[in-house]
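Welcome! Here is a short briefing to read alongside the structure, with one topic from each of two chains.

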Amino acid sequence: MTYGKPNTEPPLKPAVFHILLALSERPLHGLGIADAVEAETGGEMRLPPGTLYRALKEMSDEDLVRPAGADADPRRKVYALTAAGGELLEREARRLARLVEVARSRNVLTGRA
Amino acid sequence: MVLLLRAALRLCPREFRRECGPALVETWQVQRARARRRGMRDLLRYDLRALTDMIATATALRAGRSLLHPEEPAPRSRRVPGRSPHEPYRPMQNLLTELRHALRRLFASPVFAAATVLVLAVGIGVNTTMFSLVSALLLRPQPFAEPERLVDVYQDSDEGEPSSSSFPAYRDMAAHTDLFEGTAAAMFWTASLLGEDGAVTMPVEYVTSNYFELLGVPLLLGPGPGSEADLVGGPPVVVLSAAAWRSRFEGDPEVVGRTIRINGASVTVVGVAAPGYGGLMPGMHRELFLSLSCLGPTIGDYAAGTLERRDDHWFMVKGRLADGVEVAQAQAAMDALAARLAREYPDLNDGRDITVFGAGEIRVHPTADGELRGASTALAMVAGLLLLLVCSNLANLMLVRATTRGHEVSLRLALGASRGQIVSHVVSESLLLAAAGGLGGMLLAWYLTGLLGSGAIPLPLPATLDLRLDTSVLTFTAVLSVLVGLAFGLLPAWRLTRSDAMSVLRGEAAALSSGRRTRWLRNGLVATQVAASCVILVLATLFARSLANAGNVDLGFGAAEVAVLRTDVAHAGYDASEAGPIYDRLRERVAALPGIDSVALAGQLPLAGGGSSTLSIEGYQSERGTGFVEVDRSTVSPGYFATMRIPVLHGREFDEADAAGDNGPVAMVSRAMARAYWGRDDVVGERFGFQSSPDTRVEVVGVAADVKVDSVAEEPTPLFYLVGGGAARYLLARTGGPATAALPDLRAALTGIDATLPTLQLTTLEAHVQDSLSLRRVGTLALGGFGGLGLLLAGLGLYAVVAYAVQQRTREIGIRMVLGASARELVGAVVREMVLIILVAGAVGLAIGRAIAPLFADGLVGVSGLDLTTALLAAGMLLLTAMLAGWLPARRATRLDPVEALRAE
């Protein structure tokens, strides 16, 4: 059993992945992230506040995101992606892309939009 | 909800709270506001989701579970002691053991358990009933096919609010086949169905023949009405609701084709609607769906004429948008239609808009939705307060109970039990209690909804409430029970495990009970109870005073010693022209009975509403400038005012010559009408006309004192009287003695004329007045019950807290007494604290009561909102209870023997 801070590895929990993805475009505050995730998934994924901030706190503890100043409203902390976060996002995205490729090669994706 | 979420947030570790708390709450508020804009359903769904997520988050954070490393054991989690690493972990088994233990502990103190379950059952039962009401009226979806394409179309009322449409306007709307795939109209009414046990009056709809097809409500039986049923003179046909089919026709599979008697007319059954469908108004149940061809035979030619009249607005219109048509397009077309109608019929339709409401925008009616939401919110608030009271009380009880187990708990903690385990002990107990309470509550709700739905509690609605304990209601109860269980279990459990194990083991029970935080917690709980019960008390006092006032209101007539019989000659096959002679004979017969002082007939009784007419009054211009006003109407026979003891202020009462028509058309008016339209009291000799028959001028021959027309709460209402009446009338007989004694004679006189004449109602005028107050009485009783229960709970809570505080400080009191302090001073300190709590909490309660009292103002008589008397009454009751609750244990302490006190513990 290893102690200390292990590196986070794919596969990621959907909430974590979607937050990284939302931040890859630009730094956002919590509510902005929730909105972006909802928009990017066409309303499929809605992040309730509890999960959202729990994930943000853990991700910032593990240096995947960092605070990037505040919005006009001081309660709204703005988060930005760190290098480690970006790298993790890329690896997870590659992993997902590989899986989609496999699905495509087996014609799973035909017939549907 | 804000409180619940904040409470859930409190469960999270402090570090998380500090870092993310403010942002989290803000996000939640914004998301919640958006959900609210999407509607009640979305709001409810969002709240539930956010809350469960918050609790799950708190649990995960406490357990140290990570989102980023799901498989890694969290560094902060402890292994469950007592289980070897080789033994597989069986959470379910643990849970069962836990529950079994909890059950055993509860059986050990049956009184505590029974009292708790009872209190919980009341709290949860009342809330479930409220929710089933809210769900029926505001949340439950209607069983329409593709409801998203259904729209409501309303013409404005005279006041300019979207209301209901005239039938010719409906035809104009329906002509827009480019917009609507179809349109249907329905009119709400009541009708009496002749069964084997006499006639039953029930809410019905008169509908166009395509009604069921348009809504997509299938028929269980029968072909449904054909299009010829839309024509005046067409075959009168009816579709039964499934409930009516089962309850009134024993579910007869051959019912289609049968002829039934409705309001004396023969109507053929052509179908049974799908189960669960009870008409356009959600939450209500209507039993019959009559064709438009029934209007004439069942109501009269005047009603059939509405199909051609643009000045009657009797119909609700539903449209199904054609493929690809948006609400905005339909609205644009309706705007054009409204403009065209205003041009063609300027005196009727000038400024009268037509509004299209999209799917789900309207629940009951555009003008009623707001009121309904308000009333539902107010009721739900009272029920919620009661539940809050129950929870805080039980939390207190659990705290006391848990504290007495302090030694056991400390020992377990010292032996290595985790805090979580101790917490789960207490919580499993509270959850078990809550589950039992939830079951009890469901039973209570089942009883209460049955009572409300059966009409045993009269409601001011022209329909039967359709309450169901369906999945959404049962889910609500289950979630509520769990939340309640958590609410009153978690708090004490948390507190209990925070204490310093060693000091408890050393026997310092005080370490557990009198720590500042515990005191704060307990005082907070008591304060919540006091404030909540104060709010309920304020409302209960308001309603009780209003009821007392209602009983003393001057009704405008003498209700004592009047017997009442209602009949309808149409049920016996007579038509309207034969009604007059029959009623004249009835009047003569009853007048000849011994002990009858005077007799009269009336089409309507005071306090029961009735008909109205659109009048044109000479010399008066209405605000709309149309020259027409709508005034309540009553049709009476000569002798009515004498029999009812309604003073005639000017002119004279109707006489037999008026009834015979010798004096031309004459009327009497109420003083309120004289003042409203002529600006003075004596208007004898003035004239007015009817919109429906412009050539007739009616002369006012007398002015009568005002009576209450619809309810005791109303202001003096304009009302005019005509002589005569229709097929259905009330017979009123003033007796020298108790009116009940005359009732059998009245009935005999009626059947003596024709044995087939039905007795639709046989009662006394006093009973009729009481009936009109019954809703008030039920409301007052319910609120009074809540208030009493709340007071009792708050009193118990106070008693427990003071008694406990005194007991815990017995030793201290003993020492100080030995040192020369008087017991009175010491107890004074405890009591002062309580008094302070009561004063502060009471003031908060009064303030809240003041804020929400206006929500109930419509139903109140002689009181308006929170006044000094009400505040003093409520505060007085609260103080009395509090003093009693605090005084009993305090007195015990002042009688302490110092030596005994020192030996305590």
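**A strand and its neighbours in chain B**

Strand E1 (residues 150-155) of chain B pairs with E10(B) in the antiparallel sense, and four bridges link the two. Please keep in mind that this is a predicted model. The points below look first at E10(B) and then at a pair of helices in chain A.

*Partners of E10(B)*

- On the E1 side, Leu150(B) sits opposite Arg320(B) of E10(B).
- Strand E2 (residues 180-195) of chain B also runs antiparallel to E10(B), joined to it by six bridges.
- Here Phe180(B) has Leu321(B) of E10(B) as its bridge partner.

*Burial of E10(B)*

- Strand E10 (residues 316-321) of chain B is largely enclosed by the rest of the structure, because six of its six residues are buried.
- One face carries Met316(B), Lys318(B) and Arg320(B), the other Val317(B), Gly319(B) and Leu321(B); all of these are buried, so both faces are covered.

**Two packed helices in chain A**

*Geometry*

- Helix H1 (residues 14-25) of chain A packs against helix H4 (residues 83-105) of chain A at an angle of about 115°, and their axes lie 10 Å apart.
- That angle makes H1(A) and H4(A) roughly perpendicular.
- H1(A) and H4(A) cross in a left-handed way.

*Contact*

- From H1(A), the residues Phe17(A), Leu20(A), Leu21(A) and Ser24(A) meet Gly85(A), Leu88(A), Leu89(A), Glu92(A), Ala93(A) and Leu96(A) of H4(A).
- Sorted by character, the residues in this contact between H1(A) and H4(A) are seven nonpolar, two polar and one charged.

How values were computed
Residues numbered from 1 in each chain as written. Chains lettered and ligands numbered in written order. Predicted model: local features only at pLDDT ≥ 70, side-chain atom pairs only at ≥ 80, totals over all residues. Heavy atoms only, no water. Buried < 20%, exposed > 50% of the residue type's maximum accessible area, 1.4 Å probe, protein only. Pairing = 2+ DSSP bridges. Axes fitted to C-alpha atoms, helices over the stretch in contact; angles between N-to-C directions. Parallel < 35°, antiparallel > 145°, perpendicular 65-115°, else oblique. Left-handed = near helix turned anticlockwise from the far one by under 90°. Contact = heavy atoms within 4.5 Å. Nonpolar A, V, L, I, M, F, W, Y, C, P; charged D, E, K, R; others polar.
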